[in-house]
Amino acid sequence: MADRQTWAPDILGAPFEQVTLPLGTDAEGEVMATLVRSRPRAAALKPLADVDVLYVHGWSDYFFQKGLARFWNRLGARFYALDLRKYGRSLRPGQTPGYVANLAEYDADIAAALDAIRQHTRVPRRLVLMGHSTGGLTFSLWAARHPGEAAAVVLNSPWLELQTGAIGRQAIAPLVAARARFDPLGSHPVVDLGFYTRA
(Lines give C-alpha, C1' and ligand atoms only; values in the text may rest on other atoms or scores of the structure.)
Protein backbone atom coordinates (compact mmCIF):
# COMPACT_ATOMS: atom_id res chain seq x y z
CA MET A 1 0.00 0.00 0.00
CA ALA A 2 1.24 3.50 -0.81
CA ASP A 3 2.29 5.59 2.15
CA ARG A 4 1.22 9.24 2.20
CA GLN A 5 4.88 10.30 2.37
CA THR A 6 5.91 8.47 -0.81
CA TRP A 7 4.26 10.85 -3.29
CA ALA A 8 7.00 12.64 -5.23
CA PRO A 9 7.18 15.06 -8.16
CA ASP A 10 6.47 13.36 -11.48
CA ILE A 11 8.48 13.72 -14.68
CA LEU A 12 5.56 15.73 -16.16
CA GLY A 13 6.17 18.52 -13.62
CA ALA A 14 3.70 20.29 -11.36
CA PRO A 15 0.93 19.59 -10.52
CA PHE A 16 1.66 15.94 -11.32
CA GLU A 17 2.95 13.66 -8.58
CA GLN A 18 3.74 9.95 -8.54
CA VAL A 19 3.98 7.09 -6.09
CA THR A 20 5.58 3.68 -6.61
CA LEU A 21 3.39 0.69 -5.72
CA PRO A 22 5.39 -2.46 -4.86
CA LEU A 23 3.82 -5.66 -6.23
CA GLY A 24 6.31 -8.31 -5.13
CA THR A 25 8.70 -10.17 -7.40
CA ASP A 26 8.60 -12.46 -10.40
CA ALA A 27 11.24 -14.31 -12.44
CA GLU A 28 12.62 -10.96 -13.68
CA GLY A 29 12.95 -9.37 -10.23
CA GLU A 30 11.08 -6.69 -8.31
CA VAL A 31 7.71 -5.77 -9.83
CA MET A 32 5.99 -2.43 -9.29
CA ALA A 33 3.37 -0.15 -10.75
CA THR A 34 3.44 3.66 -10.70
CA LEU A 35 0.45 5.85 -9.92
CA VAL A 36 0.44 9.45 -11.16
CA ARG A 37 -2.04 12.01 -9.87
CA SER A 38 -3.33 15.46 -10.73
CA ARG A 39 -5.82 17.01 -8.36
CA PRO A 40 -8.16 19.89 -9.20
CA ARG A 41 -8.17 23.21 -7.40
CA ALA A 42 -11.42 24.37 -5.80
CA ALA A 43 -13.42 21.39 -7.06
CA ALA A 44 -16.30 21.53 -4.56
CA LEU A 45 -18.79 23.27 -6.86
CA LYS A 46 -17.88 21.44 -10.06
CA PRO A 47 -20.04 18.64 -11.54
CA LEU A 48 -17.53 15.82 -10.97
CA ALA A 49 -16.27 16.88 -7.54
CA ASP A 50 -17.09 13.41 -6.16
CA VAL A 51 -15.30 11.47 -8.93
CA ASP A 52 -11.92 9.75 -9.09
CA VAL A 53 -10.77 8.90 -12.62
CA LEU A 54 -8.25 6.08 -13.03
CA TYR A 55 -6.61 5.92 -16.46
CA VAL A 56 -4.63 2.99 -17.91
CA HIS A 57 -2.49 3.26 -21.04
CA GLY A 58 -2.26 0.92 -24.02
CA TRP A 59 0.20 -1.76 -25.13
CA SER A 60 3.14 0.38 -26.28
CA ASP A 61 2.42 3.28 -23.99
CA TYR A 62 2.54 4.94 -20.59
CA PHE A 63 0.83 8.06 -19.18
CA PHE A 64 1.94 11.41 -20.61
CA GLN A 65 -1.34 13.09 -21.67
CA LYS A 66 -1.38 16.26 -19.53
CA GLY A 67 -4.38 17.63 -21.43
CA LEU A 68 -6.47 14.59 -20.51
CA ALA A 69 -5.79 15.12 -16.82
CA ARG A 70 -6.57 18.84 -17.11
CA PHE A 71 -9.90 18.05 -18.81
CA TRP A 72 -11.05 15.89 -15.89
CA ASN A 73 -9.62 18.32 -13.32
CA ARG A 74 -11.56 21.24 -14.86
CA LEU A 75 -14.74 19.22 -14.22
CA GLY A 76 -13.71 18.73 -10.59
CA ALA A 77 -12.54 15.11 -10.80
CA ARG A 78 -9.36 13.86 -9.21
CA PHE A 79 -7.31 12.28 -12.01
CA TYR A 80 -5.01 9.30 -11.57
CA ALA A 81 -3.05 7.39 -14.20
CA LEU A 82 -1.50 3.99 -13.69
CA ASP A 83 1.68 2.89 -15.43
CA LEU A 84 1.21 -0.85 -15.20
CA ARG A 85 4.04 -3.21 -14.24
CA LYS A 86 6.85 -3.29 -16.80
CA TYR A 87 5.63 -0.17 -18.61
CA GLY A 88 6.86 3.41 -18.61
CA ARG A 89 7.76 4.62 -15.11
CA SER A 90 7.35 1.06 -13.78
CA LEU A 91 9.77 -0.69 -16.15
CA ARG A 92 13.01 -1.77 -14.45
CA PRO A 93 16.30 -2.92 -16.02
CA GLY A 94 16.23 -6.55 -17.10
CA GLN A 95 12.44 -6.71 -17.41
CA THR A 96 10.59 -7.64 -20.57
CA PRO A 97 8.57 -4.53 -21.47
CA GLY A 98 4.83 -5.06 -21.00
CA TYR A 99 5.05 -8.79 -20.33
CA VAL A 100 2.39 -10.61 -18.32
CA ALA A 101 1.24 -14.19 -18.85
CA ASN A 102 -2.40 -13.28 -18.12
CA LEU A 103 -4.19 -9.92 -18.09
CA ALA A 104 -5.70 -10.85 -14.70
CA GLU A 105 -2.22 -10.21 -13.25
CA TYR A 106 -3.04 -6.52 -13.59
CA ASP A 107 -5.70 -6.93 -10.88
CA ALA A 108 -2.88 -6.49 -8.34
CA ASP A 109 -1.73 -3.26 -10.02
CA ILE A 110 -5.28 -1.90 -10.04
CA ALA A 111 -5.92 -2.96 -6.42
CA ALA A 112 -2.72 -1.22 -5.28
CA ALA A 113 -3.73 1.93 -7.19
CA LEU A 114 -7.23 1.93 -5.68
CA ASP A 115 -5.74 1.49 -2.18
CA ALA A 116 -3.50 4.52 -2.75
CA ILE A 117 -6.39 6.58 -4.14
CA ARG A 118 -8.70 5.69 -1.27
CA GLN A 119 -6.14 6.76 1.34
CA HIS A 120 -7.09 10.32 0.41
CA THR A 121 -10.84 9.76 0.58
CA ARG A 122 -12.94 10.67 3.59
CA VAL A 123 -16.34 10.22 1.93
CA PRO A 124 -17.46 7.75 -0.77
CA ARG A 125 -16.50 8.81 -4.28
CA ARG A 126 -17.52 7.51 -7.69
CA LEU A 127 -14.83 5.64 -9.62
CA VAL A 128 -14.51 6.16 -13.37
CA LEU A 129 -12.14 3.82 -15.19
CA MET A 130 -10.67 5.08 -18.46
CA GLY A 131 -8.64 2.79 -20.68
CA HIS A 132 -6.86 3.41 -23.96
CA SER A 133 -6.27 0.54 -26.40
CA THR A 134 -5.24 -2.54 -24.38
CA GLY A 135 -5.95 -0.47 -21.26
CA GLY A 136 -9.57 -0.56 -22.42
CA LEU A 137 -9.38 -4.35 -22.63
CA THR A 138 -7.70 -4.54 -19.21
CA PHE A 139 -10.40 -2.39 -17.58
CA SER A 140 -13.27 -4.16 -19.37
CA LEU A 141 -12.06 -7.51 -18.05
CA TRP A 142 -11.40 -6.07 -14.57
CA ALA A 143 -14.86 -4.48 -14.38
CA ALA A 144 -16.43 -7.81 -15.37
CA ARG A 145 -14.54 -9.55 -12.53
CA HIS A 146 -15.40 -6.74 -10.05
CA PRO A 147 -19.04 -5.80 -10.74
CA GLY A 148 -20.28 -2.65 -9.05
CA GLU A 149 -16.81 -1.28 -8.23
CA ALA A 150 -16.81 1.36 -10.98
CA ALA A 151 -19.53 3.88 -11.70
CA ALA A 152 -18.44 4.03 -15.35
CA VAL A 153 -15.90 2.63 -17.77
CA VAL A 154 -14.69 4.96 -20.54
CA LEU A 155 -13.02 3.23 -23.48
CA ASN A 156 -10.75 5.16 -25.86
CA SER A 157 -9.99 3.10 -28.99
CA PRO A 158 -10.21 -0.12 -26.97
CA TRP A 159 -8.42 -3.17 -28.24
CA LEU A 160 -11.28 -5.60 -27.71
CA GLU A 161 -10.71 -7.58 -30.90
CA LEU A 162 -7.99 -7.97 -33.51
CA GLN A 163 -8.54 -5.62 -36.44
CA THR A 164 -8.74 -8.65 -38.71
CA GLY A 165 -11.95 -9.82 -37.02
CA ALA A 166 -12.96 -13.37 -36.17
CA ILE A 167 -11.69 -14.95 -39.42
CA GLY A 168 -8.30 -13.27 -39.14
CA ARG A 169 -8.05 -14.24 -35.46
CA GLN A 170 -8.75 -17.87 -36.33
CA ALA A 171 -6.05 -17.76 -38.99
CA ILE A 172 -3.29 -16.21 -36.88
CA ALA A 173 -4.13 -17.70 -33.45
CA PRO A 174 -2.20 -20.94 -34.11
CA LEU A 175 0.86 -18.94 -35.23
CA VAL A 176 0.74 -16.73 -32.14
CA ALA A 177 0.26 -19.75 -29.86
CA ALA A 178 3.23 -21.58 -31.42
CA ARG A 179 5.49 -18.53 -31.11
CA ALA A 180 4.39 -18.00 -27.50
CA ARG A 181 5.33 -21.59 -26.68
CA PHE A 182 8.85 -21.25 -28.10
CA ASP A 183 9.63 -17.59 -27.32
CA PRO A 184 7.13 -16.18 -24.79
CA LEU A 185 9.32 -13.16 -23.98
CA GLY A 186 10.19 -12.35 -27.60
CA SER A 187 9.40 -9.03 -29.25
CA HIS A 188 6.11 -8.54 -31.02
CA PRO A 189 6.06 -7.37 -34.61
CA VAL A 190 6.17 -3.59 -34.87
CA VAL A 191 2.71 -2.34 -35.80
CA ASP A 192 3.38 1.39 -35.41
CA LEU A 193 4.85 2.99 -38.53
CA GLY A 194 6.34 5.64 -36.25
CA PHE A 195 3.60 8.26 -36.39
CA TYR A 196 2.15 7.48 -32.95
CA THR A 197 5.57 7.14 -31.35
CA ARG A 198 6.77 10.48 -32.79
CA ALA A 199 3.51 12.22 -31.80
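Contact here means heavy atoms within 4.5 Å. With that in mind, leucine 35 is a good place to start in this predicted model: leaving aside residues up to four places away in sequence, Leu35 touches Trp7, Glu17, Gln18, Val19, Leu21, Leu54, Tyr80, Ala81, Leu82, Ala113, Ala116 and Ile117.

Leu35 also belongs to the largest nonpolar core, which has 23 residues; Leu21, Leu35, Leu54, Leu82, Ile110 and Leu114 are the ones touching the most other members. At least two residues each come from β2, β3, β4, β5, α2, β6 and α3 (134–145), and α2 gives the most, with seven. A second, separate core has 16 residues, including Val53, Ala69, Val128 and Met130.

Now for the sheet. Its seven strands form an open sheet with mixed pairing, in the order β1-β2-β3-β5-β4-β6-β7. Because β1 (8–9) and β7 (152–156) stand at the edges with a single partner strand each, one side of each has no neighbour in the sheet. Further in, β4 (residues 51–56) and β5 (residues 78–83) pair in the parallel sense over five bridges, and valine 53 stands opposite phenylalanine 79 in β5.

Two helices contact the sheet, as follows.

| Helix | Strands touched | Direction |
|---|---|---|
| α1 (residues 66–74) | β3 (29–38), β4, β5 and β6 (126–132) | about 150 degrees to β5 |
| α2 (residues 106–118) | β2 (17–26), β3, β4, β5 and β6 | about 140 degrees to β2 |

Finally, take a look at α4 (residues 165–182). This helix of 18 residues reaches 25 Å from its first C-alpha to its last, close to the expected 26 Å. A kink of about 40 degrees lies at isoleucine 172, shortly before proline 174.

Terms used:
Residues numbered from 1 in each chain as written. Predicted model: local features only at pLDDT ≥ 70, side-chain atom pairs only at ≥ 80, totals over all residues. Heavy atoms only, no water. Pairing = 2+ DSSP bridges. Helix = DSSP H or I, 4+ residues; strand = E, 2+ residues; numbered from the N terminus. Axes fitted to C-alpha atoms, helices over the stretch in contact; angles between N-to-C directions. Expected span 1.5 Å × (residues − 1). Bend = angle between axes of the 7 residues up to and from the residue. Core = buried A, V, L, I, M, F, W, Y, C linked by side-chain atoms within 4.5 Å. Buried < 20%, exposed > 50% of the residue type's maximum accessible area, 1.4 Å probe, protein only.
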